Amino acid sequence: MNAISVASKPAVASPFRLQWEPAQNKHVLLYPEGMVQLNQSAGEIMKRCDGARTVAVIVTELETAFGRHGLTDDVIAFVKLAVERGWLRTSE
């Protein structure tokens with residue numbers, strides 16, 4: 001597995017599908033065996049993981065959207081966890 005860096009381009013991995021679930025008021029990952037409920041932070045990161053945006057771009061978008069700074073380590077940690085769980089795949 002490649003190390004996750006600001007140049008990594010994460011995307012939702014097959015067979016997962018990211019979806020907003022109005023009944024639960026949160027983003028979820030759907031897959032054939034079930035569903036993963038995401039907290040707000042995870043949902044905001046995952047919805048930006050389209051395979052085109054780099055982690056650096058995702059961080060910039062999140063910092064702008066939420067008026068926060070210094071999110072790089074948190075985003076990298078989440079992407080690493082999501083890759084380990086098979087939710088995301090990455091490319092450079």
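Hi everyone. Let me start with one residue, Tyr31: this tyrosine is partly exposed, with a relative accessible area of 26%. Please keep in mind that we are looking at a predicted model.

What does Tyr31 pair with? Searching the whole structure turns up one aromatic pair. That pair is Phe16 with Tyr31, and the geometry is tilted, with 5.1 Å centre to centre and 50° between the planes. In case you wonder about those two values, a pair of aromatic rings is described by the distance of the centres and the angle of the planes. Where do the two rings come from? Phe16 sits in the loop between β1 (9-12) and β2 (17-21), while Tyr31 belongs to strand β3 (residues 26-31), so the pair ties together parts that are 15 residues apart in sequence.

Is Phe16 buried or exposed? Phe16 has 18% relative accessibility and counts as buried, because the cut-off for buried is under 20%. Tyr31, at 26%, is partly exposed.

Now for the charged side chains. How many salt bridges does the structure hold? The count is five. A network of salt bridges links Glu44, Lys47, Arg48, Asp50, Arg53 and Glu61.

Let me walk you through some of these contacts, beginning with Arg48. The side chain of Arg48 meets that of Glu44 in a salt bridge, at 2.9 Å from N to O. Both residues are buried: Glu44 has a relative accessible area of 14%, and Arg48 has a relative accessibility of 11%.

Arg48 also forms a salt bridge with Glu61, at 3.2 Å from N to O. Why is this one worth pointing out on the screen? Arg48 lies in the loop between α1 (40-46) and α2 (55-66), and Glu61 lies in helix α2, so this pair ties together parts that are 13 residues apart in sequence. Glu61 itself is partly exposed, with a relative accessible area of 26%.

Which residue does Arg53 meet? The partner is Asp50, and their side chains form a salt bridge of 3.0 Å, N to O. Here we are looking at two partly exposed residues: Arg53 has a relative accessible area of 26%, and Asp50 has one of 42%.

So, to pull the picture together: on the aromatic side we have the tilted pair of Phe16 and Tyr31. On the charged side we have the network of salt bridges, with Arg48, Glu44 and Glu61 among its members. Thanks for listening, and I'm happy to turn the model around on the screen for anyone who would like another look.

Key. Residues numbered from 1 in each chain as written. Predicted model: local features only at pLDDT ≥ 70, side-chain atom pairs only at ≥ 80, totals over all residues. Heavy atoms only, no water. Salt bridge = Lys/Arg side-chain N within 4 Å of Asp/Glu carboxyl O. Buried < 20%, exposed > 50% of the residue type's maximum accessible area, 1.4 Å probe, protein only. Helix = DSSP H or I, 4+ residues; strand = E, 2+ residues; numbered from the N terminus. Phe/Tyr/Trp six-rings, centres within 6.5 Å; stacked < 30°, edge-to-face > 60°.
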